[in-house]
Each structure stands twice: as structure tokens, then as C-alpha cells.
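Please open the model in your viewer and keep the sequence panel beside it, since the tour moves by selection from one chain to its neighbours.

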4 protein chains.
Amino acid sequence: MDFTPNLASGSAVLAAQPFSAWIGAELEGFEPGRAVLALNLRPELHQQHGFAHGGVLCYLADNALTFAGGSVLGPAVVTSELKVNYLRPAQGERLVAEATVLSSGRSQAVVRCDIHVLEGGSRKLCAAAQGTITLLTQPAPQA
Amino acid sequence: MDFTPNLASGSAVLAAQPFSAWIGAELEGFEPGRAVLALNLRPELHQQHGFAHGGVLCYLADNALTFAGGSVLGPAVVTSELKVNYLRPAQGERLVAEATVLSSGRSQAVVRCDIHVLEGGSRKLCAAAQGTITLLTQPAPQA
Amino acid sequence: MDFTPNLASGSAVLAAQPFSAWIGAELEGFEPGRAVLALNLRPELHQQHGFAHGGVLCYLADNALTFAGGSVLGPAVVTSELKVNYLRPAQGERLVAEATVLSSGRSQAVVRCDIHVLEGGSRKLCAAAQGTITLLTQPAPQA
Amino acid sequence: MDFTPNLASGSAVLAAQPFSAWIGAELEGFEPGRAVLALNLRPELHQQHGFAHGGVLCYLADNALTFAGGSVLGPAVVTSELKVNYLRPAQGERLVAEATVLSSGRSQAVVRCDIHVLEGGSRKLCAAAQGTITLLTQPAPQA
């Protein structure tokens with residue numbers, strides 16, 4: 001595998017995901033063992049009380065975990081499973097998810113992710129996730 | 001609480017969530033202890049290989065769990081945490097998430113959710129989730 | 001692999017686990033896609049309020065998930081991850097964990113598990129788990 | 001609540017748990033927002049390949065999470081749910097679980113836990129957990 005994890009290579013993968021493009025995700029950091037994914041909160045991403053919808057946080061956790069796993073396993077990876085704890089309502093201008101690899105082997109990585117919400121000058125932890133990223137084997141899993 | 005869980009009351013809550021409206025979620029079932037939430041897969045909801053993005057599945061799990069919890073606890077609920085296992089790539093026309101309450105008390109419910117993908121005449125299990133729904137207390141949690 | 005999942009083959013694996021022998025686990029069912037593991041609650045297995053310790057429930061979930069995964073993948077498996085929701089205090093005479101395979105491929109299975117507590121004539125759901133079982137590859141993972 | 005989290009108060013709670021006493025758990029650290037729980041690995045705690053049984057790791061995660069939650073919420077707490085990823089076989093002399101509170105409110109705390117195995121002079125991360133600790137309300141939940 002000749003994949004080098006950096007902002008250019010990672011942003012190209014992100015740009016190829018239509019859902020990430022729509023939701024407005026941006027890669028802020030991508031290096032071996034770590035990925036930072038962010039997005040600006042706009043009204044379409046809210047639930048009925050004006051906070052970020054849990055599904056938006058979950059998307060961000062899922063994708064940050066996948067990128068962090070991909071930074072050590074290569075780009076042909078999928079998230080096998082994840083767990084998210086929501087810690088406080090996510091109200092603010094921007095969400096930033098930072099994912100860090102805890103452990104990796106030949107075919108799997110276990111990754112943690114913290115999501116902060118930025119509002120005014122403050123930065124508050126609003127969700128914490130943990131999951132498993134798995135290398136895709138050939139042939140690709142049947143759909 | 002004078003909230004009756006049925007398609008009319010649940011669809012009104014869903015319509016008030018901008019993110020759910022954008023993503024195109026529809027409530028197919030909503031009764032005490034059970035919620036069914038579905039959406040049509042369109043290109044904006046894909047990742048780079050033409051499957052539903054994991055974040056879409058995660059949104060659907062999160063929201064179906066919340067609705068099922070709300071069907072027994074009332075509408076003022078949040079998802080505290082959830083876990084999702086992705087079982088196969090979600091390729092097809094429509095996703096259907098069915099959530100069922102396992103246990104509920106005065107302030108919390110534990111709920112499971114299965115997500116199937118419909119393609120042609122087939123219906124395949126593509127994700128399985130489990131989570132905790134918590135009644136909001138007054139005053140609302142600080143943002 | 002010439003492993004046939006049945007009570008004899010499964011009980012032999014269980015008997016080879018010193019921790020399972022000490023804790024008193026018994027295999028009640030073991031067939032393709034399903035395992036039932038039980039134990040009698042005795043004072044050594046309690047926490048400070050006379051209920052089964054959460055760690056006992058967690059052991060039972062972990063091992064029932066592993067056996068169910070092993071029933072479809074063969075005996076050389078490990079639990080990669082699991083999630084447990086505790087639903088009520090486990091007070092009674094016996095715990096019974098029933099694990100069922102949701103999905104399995106060549107190298108992994110995703111499994112759910114329900115744990116009931118038996119007390120007098122009643123049988124109550126006290127914990128619900130979900131996890132991933134992975135086939136060990138050769139050579140064995142480094143310790 | 002006049003509970004002060006320190007080694008004396010925490011060790012008294014641990015000593016009152018018959019399962020913890022049998023398994024040989026020792027509290028190494030207990031202060032606001034943090035708990036360290038350890039045990040020596042002996043043959044009774046193994047699975048069939050000579051590693052610590054997953055159930056032992058799960059017990060340790062569960063109880064370290066509970067103590068950390070109790071350090072901020074007081075002693076009347078239960079673990080509502082937890083998730084554990086096993087990272088490598090736990091082979092060695094001693095397991096050390098360190099749990100740290102990520103977030104806490106009036107009635108719940110979300111906690112992470114890392115478990116290391118000590119072997120010779122080495123110390124390796126072998127499991128990572130995350131869970132929710134909940135304050136018990138009066139009256140106690142029905143059994």
C-alpha cells in the first residue's frame with residue numbers, strides 16, 4: 001500500500017463521499033494514528049430544539065473513527081462497530097471530532113474519538129466514541 | 001403526560017427536526033414500545049463506493065431508538081448512548097429501522113434496533129444497534 | 001474444521017476454562033447460531049447489596065457471545081468487543097444467558113445476548129448485550 | 001452526601017463486594033474523577049489458553065468505571081451500561097484498570113477505562129472501555 005495519510009490524501013477521500021460533502025465535513029488533521037474532522041453547524045443539521053441532531057454527531061464520530069483507522073490500515077477500511085455517549089446538547093457554531101488510534105494490528109484498529117462543540121470562545125466536550133475499524137479483504141463483501 | 005404515540009404525533013415530531021427532514025426520514029410505525037423509521041437512499045446519502053454512508057445508518061439507528069424510547073417515556077427524551085454494529089454494506093433503495101423497547105423505568109428505556117436494506121424484492125439486515133433513552137429533566141440540561 | 005457445536009463439544013471447551021469452572025458456568029444449549037450459558041447465584045458472586053455483581057453478568061454475556069460466535073466460526077475464536085446494558089438488579093437463584101448470532105461471515109460474527117434472572121417461578125430480563133466474535137488467525141496474536 | 005473518595009473509603013466499599021474479594025481486586029487509586037483497580041492474575045482467572053478470561057477484564061472494567069463514577073456521584077451508584085474492546089490477549093502477572101470521568105452531571109457520569117497487563121517489566125494496553133454510571137434514586141429499583 002502506498003497510501004500516505006496527510007491532509008491532501010485524506011481530503012480527496014472525504015470529497016469522494018457525497019454524504020460528507022453535503023453535510024459539510026472538513027478534514028482538519030490526518031496523520032498516522034490520528035484524524036480530525038469538523039463541520040459548521042447550520043440549521044439543516046439541527047433537531048427540534050436547535051441543537052445538532054444526534055445523527056450529525058454520530059456521523060462525525062463514525063467518519064473520524066474510520067479516517068483514523070485508515071491512517072494506519074490504509075484507505076480500504078470500514079467501520080465495523082462504534083459506540084457513542086452523548087455528553088451534553090451540542091449547541092454552537094462548529095463541531096470538531098478528534099479520533100486517536102488506541103491499538104492496531106494487521107487487519108483491525110481500535111479507535112477513540114472526542115467531539116467538541118465550539119461556541120463563542122468556548123470549546124466543550126459533547127460526545128465520546130469508541131469503535132473498531134476493519135481492513136476490507138478481497139473480494140469486497142457482498143452487498 | 002398527554003402524549004399518545006401514533007403516526008400523527010410522531011410524524012409531527014419528526015417534521016420538526018430539520019436534519020430528519022433533509023435526510024428524508026419517514027415514520028412508518030409508532031406505537032407504545034416500538035418505532036419504525038425509514039428513508040429512501042439517494043446519491044447524497046452515499047459514501048465513496050455507492051453504499052449508504054455509515055453516518056446515515058447511525059442517524060437512523062439514533063433516531064429510531066429515540067422515538068421508541070419516547071413512545072414509552074414521552075416526547076421530552078434524548079438518546080444518552082448507543083452502539084451500532086454494521087453487518088453488511090447497505091446497498092439498495094430504502095433503509096428501514098425498527099426499534100423495540102427492551103426495558104423501561106420512570107426515567108430511562110433500553111432499546112434495540114435492526115436496520116434492513118431493501119433492494120429489489122430482498123430485505124437484508126445491515127446494522128444492529130442498542131442504546132439508552134433518557135427522560136429530560138427540568139430545567140433542560142445546560143448547553 | 002471438523003467442530004460440531006453440541007452440548008458435548010461445547011461443555012468440553014467450557015470445562016477447559018478455569019475461570020468458568022470456578023464461577024460455576026454450565027452450558028444449557030449449544031447449536032449452530034445459538035448458545036445458552038447459565039450459573040447458580042451464590043454469595044461469592046454478589047456485590048455489596050446482595051445482587052449479582054455486574055462483573056458476573058458481564059462474564060456471562062462475554063462467554064455466551066463467544067460460544068454463539070464459535071458455533072458458526074469454530075472453536076478458535078475470541079470476543080473482540082461487547083456492549084452490555086444492565087436492565088435491573090439481578091437478584092435470584094440463577095442467571096441464564098442466551099446468545100443468538102445476527103450475522104456471520106468468514107471471519108466475524110455479530111451476536112446478541114439476553115440475560116434473565118430466575119427467582120422463584122419468575123424469569124426477568126436483567127441485561128442485554130451485543131458484540132463481535134472474531135476468528136483467530138495463525139499465528140496467534142502476540143501476547 | 002458526606003462521602004470522600006479516598007483509598008480508605010473506596011477500599012471499604014470494595015471489601016463489601018464478595019465477588020471482588022474472591023477475584024482479588026485491590027484499589028490502587030481513588031480520588032475525585034479517577035479510580036485505579038488492579039488484580040493479580042492467577043490460574044483460576046484464565047481461559048483455556050492461559051490468558052486472563054475476557055470476563056475478568058470485563059469485571060475489572062465494570063468495577064473501575066463504577067468506582068470512578070462513584071468518586072463524583074457518591075457511593076450509591078450503579079453501572080448502567082458499558083462497552084469493552086479487547087485489544088490483545090492479557091498474559092502476565094497483573095491487570096491494572098484506570099478509569100477517568102469524562103463528564104458528570106447531577107445523576108450520571110460518563111467514564112472511560114484503560115486496562116493494562118503487566119508482564120516482567122512491560123506494561124501493555126489490553127482493553128479499553130467506556131460506560132455510564134447512574135446515581136441510584138430512592139426507592140431502590142425493584143429486583
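Begin with chain A alone: among its contacts between residues at least 6 apart in sequence, 65% join residues at least 24 apart. Keep in mind throughout that this is a predicted model.

**Chain A as a whole**

Colour chain A by secondary structure, and you should find three helices and six strands, which follow one another from the N terminus in the order α-α-β-β-α-β-β-β-β. Turn the C-alpha trace of chain A along its principal axes, where the trace spans about 45 × 30 × 25 Å. The radius of gyration of chain A is 15 Å, which agrees with the value near 15 Å that a compact globule of 143 residues would have. Of those 143 residues in chain A, 55% count as buried.

**The nonpolar core**

Next, select A:A61 and show what surrounds this residue. Leaving out residues up to four places away in sequence, A:A61 touches A:L82, A:V84, A:A97, A:C113, A:I115, A:A127 and A:A129. Now add the residues A:A61, B:A61, C:A61 and D:A61 to the selection, for these have the most contacts inside the largest nonpolar core, which has 200 residues. As background, nonpolar side chains in soluble globular proteins tend to be buried together.

**Inside chain B: strands β2, β4 and β5**

Move to chain B and select residues 34–40 together with residues 94–104, which are strands β2 and β4 of that chain and pair in the antiparallel sense over seven bridges. To find one point of this pairing, pick B:A35, whose bridge partner in β4(B) is B:A99.

Extend the selection to residues 108–119, strand β5 of chain B, which is joined to β4(B) by 10 bridges and runs antiparallel to that strand. Here B:R94 has B:L118 in β5(B) as its bridge partner. Follow the backbone from β4(B) into β5(B), and you will pass through a hairpin connection of three residues.

**Where chain A meets chain B**

Show chains A and B together and select their contact, which takes 35 residues from each of the two chains. On the side of chain B that touches chain A, α2 (18–23), α3 (54–73) and β3 (77–86) each supply at least two residues, and the largest share, nine residues, comes from β3(B). Coloured by class, this side of chain B divides into 18 nonpolar, 12 polar and five charged residues.

Zoom in on strand β3 (residues 77–86) of chain A, which pairs with β3(B) in the antiparallel sense over five bridges. Which residue of β3(B) stands opposite A:K83? Select B:K83, and you have the residue of β3(B) that faces A:K83 in this pairing.

How are the two chains related by rotation? Chain B is superposed on chain A by a rotation of 180 degrees with 0.0 Å of shift along its axis, at an RMSD of 0.0 Å, and the two copies are therefore related as by a two-fold rotation axis. In chain B, the residue that comes closest to this axis is B:K83, at 2.1 Å by its C-alpha. The copies meet through the same surface, because 100% of the interface residues of chain B are also interface residues in chain A.

**Where chain C meets chain B**

Now hide chain A, display chain C, and select the contact between chains C and B, in which 10 residues of chain C are in contact with 10 residues of chain B. The side of chain C that touches chain B draws at least two residues each from β3 (77–86), β4 (94–104) and β6 (122–135) of chain C, and β6(C) gives the most, with four residues. By class, this side of chain C has five nonpolar, four polar and one charged residues.

A rotation of 180 degrees with 0.0 Å of shift along its axis also superposes chain C on chain B, with an RMSD of 0.0 Å. The same surface again serves both copies, with 100% of the contact residues of chain C recurring in chain B.

**Last stop: D:K83**

Finally, display all chains and centre the view on D:K83, which lies in strand β3 (residues 77–86) of chain D. Is D:K83 buried or exposed? D:K83 counts as buried because it has 29 C-beta neighbours inside 10 Å, where 20 or more are required.

Apart from its neighbours within four places in sequence, D:K83 is in contact with A:K83, A:Q130, B:K83, C:E81, C:K83, D:A129, D:Q130 and D:G131. To finish, select D:C58, which is 25 residues from D:K83 in sequence and 9.0 Å from it in space, C-alpha to C-alpha.

Conventions:
Residues are numbered from 1 along each chain as its sequence is written. Chains are lettered from A and ligands numbered from 1 in the order in which they are written. This is a predicted model: local features need pLDDT of at least 70, side-chain atom pairs count only at pLDDT 80 or more; totals for chains, interfaces and linings use all residues. A residue is buried if 20 or more other C-beta atoms lie within 10 Å of its own, exposed if 12 or fewer, and partly exposed in between; C-beta atoms are placed from the backbone. Two residues are in contact if their C-beta atoms, placed from the backbone, lie within 7 Å. Copies are superposed by least squares on the C-alpha atoms of residues with pLDDT of at least 70 in both. Ala, Val, Leu, Ile, Met, Phe, Trp, Tyr, Cys and Pro count as nonpolar, Asp, Glu, Lys and Arg as charged, and the others, Gly among them, as polar. The radius of gyration is taken over C-alpha atoms; the globule rule is 2.2 Å times the number of residues to the power 0.38. Two strands pair if DSSP finds at least two bridges between them. A nonpolar core is a set of buried Ala, Val, Leu, Ile, Met, Phe, Trp, Tyr and Cys residues joined through C-beta atoms within 7 Å.
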